[in-house]
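Please open the model in a viewer and keep the selection tool at hand. The tour proceeds from the whole chain to selected surface sites.

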Amino acid sequence: MHTVEQTEEETKVELAGVEPSFLKGQTRRSGCDLSPVRISKKTDGSFSRTAMQQGALAKERRVSRKAQTNQWIDSIPKNLNPPWEDP
C-alpha cells in the first residue's frame, strides 16, 4: 500500500501599497467607497414578457397536439373484427 505524505508549506504574501494603473479610482485605496451593485427585480422587461408568453405558447401547442392526436385516433375505424355469420 502506498503512503502519501502531506506537507504544509508556509507562504508569505506581501500586499503592495500602490494601486495598479488599470484600477485607478476604482478601489478602496483611491479614497472613494463604492456601494455594492443594487439588484432589483423588474418584471416589466422584455425577457419577463417573453418568458410569460412562452408558457402560454407551450400550453397552446400542447393542447393543439393533443387535439390532433385525438382526431387521428377517432378517424381510425372501430370494430374491424365483426363476428362472421355463416350462411
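**Surface tour**

Begin with the whole molecule in a surface view: the protein exposes about 9,900 Å², of which carbon and sulfur atoms supply 54% (Shrake-Rupley method, 1.4 Å probe; for residues, only the protein chains shown count as cover). This is a predicted model, in which local features need pLDDT of at least 70 and side-chain atom pairs pLDDT 80 or more, while totals for chains, interfaces and linings use all residues. Residues are numbered from 1 along each chain as its sequence is written, and side-chain values use heavy atoms, without hydrogens or water.

Of the 87 residues, 1% count as buried (under 20% relative accessible area; exposed is over 50%, partly exposed in between).

Switch to a cartoon view: one helix and zero strands appear (DSSP runs of H or I, at least four residues, and of E, at least two).

Next, select Lys-59, which lies in helix H1. Lys-59 is exposed, at a relative accessible area of 52%.

Finally, select Ile-76, in the segment after helix H1 (46–75). Ile-76 counts as partly exposed because its relative accessibility is 37%.

Notes
Buried means under 20% relative accessible area, exposed over 50%, partly exposed in between (1.4 Å probe, protein chains only).
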